[in-house]
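Visitor: I should like to go through this model step by step, with the reasoning set out for each point. May we begin once it is on display?

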Amino acid sequence: MKATLPAQSRSRRPGPSLLTRALHLFNAPAVRLAGSRYLPIWALLRHRGRRSGRTFATPVAARRIAGGFIVPLAWGENADWCRNVLASGDCVIRWAGAEHHVEGATVVGPDEGMAAFRSFERRSLRAFGVKRFMLLRDRAAAPSGPMPAGGASGDP
């Protein structure tokens, strides 16, 4: 009796996950709308790749605060855009239709970060598990001393 081998199926690399495909679909219009005056919570963060040197544009949630911006790290500190900005220390953020050159990127905890957001936004951030935030100072702002995170200016 002859042994039969199972038919070989085509081995295909697994494609991107449903979440990855959804994020790519979201990214294109988000890049166009982020930072406009029509979506005040969304900003467009332009940063340089730490290895490639290429310029990237990443839509992020952001809140204007006195002397800069606070950005929730929804994907954590290991997101490429976060690592790029921390490595270079600066980037450009488009918010409310204007470009802002920012520097001094630091990661802060929930006490400093949550204070910049309204109560319903804080509940949403907690529900998504956001525990860390990126603090970005306006380049024109005085670099000495800590920047207060509370009392968001520019609230619509």
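Visitor: With which side chain does that of R132 meet in a salt bridge?
Guide: In this predicted model, R132 lies in the loop between α4 (119-127) and β7. Its partner is placed in the loop between β4 and α2, 55 residues apart from R132 in sequence. The N to O distance of the pair is 3.0 Å. The side chain that R132 meets is that of E77.

Visitor: Is E77 buried, partly exposed or exposed?
Guide: The class follows from the relative accessibility, because buried means under 20% and exposed over 50%, with partly exposed in between. For E77 the value is 34%. E77 therefore counts as partly exposed.

Visitor: What is the order of the strands in the open sheet?
Guide: The protein chain has four helices and seven strands, and the open sheet is one of seven strands with antiparallel pairing. Its edge strands are β2 and β3 (63-65), each of which pairs on one side only. From one strand to the next, the twist averages 35 degrees. The order is β2-β1-β5-β6-β7-β4-β3.

Visitor: Over how many bridges do β1 and β2 pair?
Guide: β1 covers residues 42-48 and β2 residues 55-61, and the two pair in the antiparallel sense. They form a hairpin with six residues between them, and G53 in the turn has a positive phi of about 80 degrees. R48 stands opposite T55 in β2. The pairing of β1 and β2 extends over seven bridges.

Visitor: Which residue of β7 stands opposite V71?
Guide: Strand β4 (residues 68-72) and strand β7 (residues 133-138) run antiparallel and are joined by five bridges. V71 also belongs to the group within the largest nonpolar core that touches the most other members. The residue of β7 opposite V71 is M134.

Visitor: What angle does the direction of α2 make with that of β1?
Guide: Helix α2 (residues 80-88) packs on the sheet. The strands touched by α2 are β1, β2, β4, β5 (90-95), β6 (98-108) and β7. The direction of α2 and that of β1 make an angle of about 60 degrees.

Visitor: How many residues does the largest nonpolar core hold?
Guide: In soluble globular proteins, nonpolar side chains tend to be buried together. Here β1, β4, α2, β5, β6 and β7 each supply at least two residues of the largest core. Among the residues that touch the most other members are L45, W81, V85, I93 and L136. The number of residues in this core is 18.

Visitor: Which residues of α2 are in contact with L45, leaving aside neighbours within four places in sequence?
Guide: On the sheet, L45 is in contact with residues including F56, V60, I93 and L136. The contacts of L45 also include two residues that fall within the range 80-88 of α2. These are W81 and V85.

Visitor: Is H100 buried or exposed?
Guide: H100 has its place in strand β6. Leaving aside neighbours within four places in sequence, H100 is in contact with R64, F69, C91, V92, I93, W95 and D138. Its relative accessible area is 18%, and since buried means under 20%, H100 is classed as buried.

Visitor: With which residue does R46 form a salt bridge?
Guide: R46 lies in strand β1 and its partner in strand β6, so the pair ties together parts that are 53 residues apart in sequence. R46 is partly exposed, at a relative accessible area of 28%, and the partner also counts as partly exposed, at 42%. The closest N and O atoms are 2.9 Å apart. The partner of R46 is E99.

Visitor: Which residues are joined into one network by salt bridges that share partners?
Guide: The count of salt bridges comes to seven. In one of them, R139 pairs with E103, the closest N and O atoms being 3.5 Å apart. R139 is in the segment after β7 and E103 in strand β6, 36 residues apart. The residues joined into one network are D90, E103 and R139.

How values were computed:
Residues numbered from 1 in each chain as written. Predicted model: local features only at pLDDT ≥ 70, side-chain atom pairs only at ≥ 80, totals over all residues. Heavy atoms only, no water. Pairing = 2+ DSSP bridges. Axes fitted to C-alpha atoms, helices over the stretch in contact; angles between N-to-C directions. Contact = heavy atoms within 4.5 Å. Buried < 20%, exposed > 50% of the residue type's maximum accessible area, 1.4 Å probe, protein only. Core = buried A, V, L, I, M, F, W, Y, C linked by side-chain atoms within 4.5 Å. Salt bridge = Lys/Arg side-chain N within 4 Å of Asp/Glu carboxyl O.
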